[in-house]
Amino acid sequence: MRILIYFVESVKIATNALRSYKLRSILTTLGIVIGVTTVITIVALIQGLNKSFERQISAIGTDTLFIDKYPWIITSNTEFFSYRNRRNIPVNYAFRIKELSSLSKAVAPTLYSRQTAKYKGRSSEGVLIIGTNADYLVTSNTLPEIGRFLSDTDVEHRRSVCVLGWDVYQALFPNSDPIGKKIKLGGKKFKVVGVIEKKGAMFGNSMDTNVCIPIGVFQSTFGVRWRSCDIEIKINSPELMDDAEIELTGIMRRLRGLKPGEDNDFNINKQSMLMDTYKRLTNTLWAVAIGVGSISLLVGGIGIMNILLVSVTERTREIGVRKALGARNHDVLLQFLIESMVICSIGVIIGILFAIGIAKLVAATTPIPAAITLWVVFLGVGFVITIGVFFGIYPASKAARLNPIDALRYE
Amino acid sequence: MLIDLKDIKKIYEIGGTVKVPALKSINLVIGKNEYVAIMGPSGSGKSTLMNILGCLDTASEGIYMLNGSNVSDMTDDELAEIRNREIGFVFQTFNLLPRANALHNVELPLIYNGTSSTQRKKQAKEALEKVGLADRMDHKPNELSGGQRQRVAIARALVNNPSIILADEPTGNLDSKTGEEIMEIFETLHDAGNTIVLVTHEEYIAEHSDRIIRLRDGLVERDESVN
């Protein structure tokens, strides 16, 4: 009870003291304001980037593996050229893998080509034609919104059918039902059997401008020799990813006829690889945030310590009076620590408000959904306590140790 | 016995080697409801004795019993509590907090013993009424005259019902007419049963008391009643 009463009183004393020296207090908090604004803004940006990245990457399931000629992340030209000399991966591997793999739920070979899609005078340019099979529905999670996806029979009998991405559908059939209509892709006609639901973009590439056709038809229409097939594989469950990777590596090495000791001439890619690379990049951002933030908070903290030392000297007599009237050493200590923390709180509050403003601005003007979450408030409270105590403890203990007789006599 | 000093010595060390005795051997007994003046020329140990009596300082040797407890060997924090409970200070320079109004200044001692806000305000108002300042509660020290400031200080000394009111040259910064008014307040307080210890170098101020203790060179030179 006594401590609570005294705490409330100390906060009042501190705010009174700060009100008496408005300009000085504002200037003192400036360092903290800048530090907090910097740190929280960068945190908000990183979180925004994370959110944006996770949203985009979520299109690639955590239980999906990709057998490709190239790894997804290539960091140098020499690396690229060495991969380029690898043998292409033929489409029939997909069927072999499906037979041989016990851990795979769905195996879809994919071949890609950019083409223009046309229907009765309307056209949609830069459409990504994907030659694949019925399993693609599962591996890429492309659920039909209208009609159906490619069926096994479509693929087996090489039917000239296609499933449209949402944007292609919108462009070619603005006001009409597309099912059963024939569109032109690369000079050949395809009957529309379905439309895939809207999927959004991944890393700037819209996934709604895709058109899926049976892989055999793709090969006969767009050529096959120089293309390497990418194989998408959905695993029975995410926990089996590691086992599946081992199993698929074995199958691939067998299909490739690699001898023990020979390097793999293919790559098994997965979402977590992108995640790892991304995290490495953002770690740098974090380091910058922490660096800039700690420097400005250090400067701000020193400012607070300085002003408190001035305050202690100015108020020596007051301290003497308080001690004469019964303030114990730790009462005085608490008083100045609270004053330190009140200055910090003001700085942190203003800093958070600035950061919220900047985050709103960024979110409004860029695709990064920068946002300040509740834990930032806790971070703020953490700052207040840490800086307030750390930089306040020396002036406060100086005040607490004052001898009441000397303090009362101080002019 | 309210105050009982037995062979109190205070020795200051200057530079760690030179020892200067400020109080050589003080023996003093002050009872409840006494009105005592302590006098002496500068250097007589008056201020040192005052600081010891007020528990702002401790003696180098000797025993000081205050209201039944031995305060000779107490720690800083224990002394702070004793000051809060047993002693009401009135200073020559008033020592009010400049940014706080009269009421808040009077409340101060109550903050340090954990009295609730409403109770504090009530007691502070009563104390201000006793010194005739009920209508000046919201004024800050710089809006008050010297006499009024000293009355606020007296109200602050009274608010916690201390055993002793310890006044150090309470009229030193006041003109003689205002000084007389302040001395009247002390008389009223004495009549109401308070124990008052007054430190002064003015004979006519000391004469308001019932008993004058004269110090010289760290010793009690004379201890006499005033008729």
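Is Lys270(A) buried or exposed? Lys270(A) counts as buried, because its relative accessibility is 17%. The scale behind that word calls a residue buried under 20% relative accessible area, exposed over 50% and partly exposed in between, with a 1.4 Å probe and protein chains only.

Before we look around, a few ground rules. This is a predicted model, in which local features need pLDDT of at least 70 and side-chain atom pairs count only at pLDDT 80 or more, while totals for chains, interfaces and linings use all residues. Residues are numbered from 1 along each chain as its sequence is written, chains are lettered from A and ligands numbered from 1 in the order in which they are written, and side-chain values use heavy atoms, with hydrogens and water left out.

## Salt bridges

Side chains of opposite charge can pair when their charged atoms come close. Here, a salt bridge means a side-chain nitrogen of Lys or Arg within 4 Å of a carboxyl oxygen of Asp or Glu. Over all chains, the structure holds 35 salt bridges. Three of them are set out here.

| Acidic partner | Basic partner | N to O distance |
|---|---|---|
| Asp135(A) | Lys98(A) | 2.6 Å |
| Glu245(A) | Lys270(A) | 2.6 Å |
| Glu221(B) | Arg216(B) | 3.0 Å |

Our opening residue, Lys270(A), has Glu245(A) as its salt-bridge partner. Glu245(A) belongs to helix 9 (residues 241-256) of chain A and Lys270(A) to strand 12 (residues 267-270), so this pair ties together parts that are 25 residues apart in sequence. Helices (H or I, at least four residues) and strands (E, at least two) are DSSP runs, numbered from the N terminus.

Now take the salt bridge between Asp135(A) and Lys98(A). It links distant parts of the chain, 37 residues apart: Asp135(A) sits in the loop between strand 3 (122-132) and helix 5 (136-139) of chain A, and Lys98(A) in helix 4 (residues 92-100) of chain A. Asp135(A) is buried at 12% relative accessible area, whereas Lys98(A) is partly exposed at 42%.

In chain B, Glu221(B) is partly exposed at 42% relative accessibility, and Arg216(B) is partly exposed at 42%. Salt bridges can also share partners: Arg315(A), Glu318(A), Arg322(A), Glu339(A) and Arg99(B) are joined into one network in this way.

## Aromatic rings

A pair of aromatic rings is described by the distance of the centres and the angle of the planes. Rings of Phe, Tyr and Trp (its six-membered ring) pair if their centres lie within 6.5 Å; planes under 30 degrees apart count as stacked, over 60 as edge-to-face and the rest as tilted. By this rule there are 11 aromatic pairs over all chains.

Phe53(A) and Tyr278(A) have ring centres 4.0 Å apart and planes at 10°, so they are stacked. These two lie 225 residues apart, with Phe53(A) in helix 2 (residues 22-57) and Tyr278(A) in helix 10 (residues 271-314) of chain A. Both Phe53(A) and Tyr278(A) are buried.

Phe89(B) and Phe91(B) are stacked too, because their planes are at 5°, with the ring centres 5.5 Å apart. Phe89(B) and Phe91(B) are both buried. Elsewhere, Tyr70(A), Phe80(A) and Phe81(A) form one aromatic cluster.
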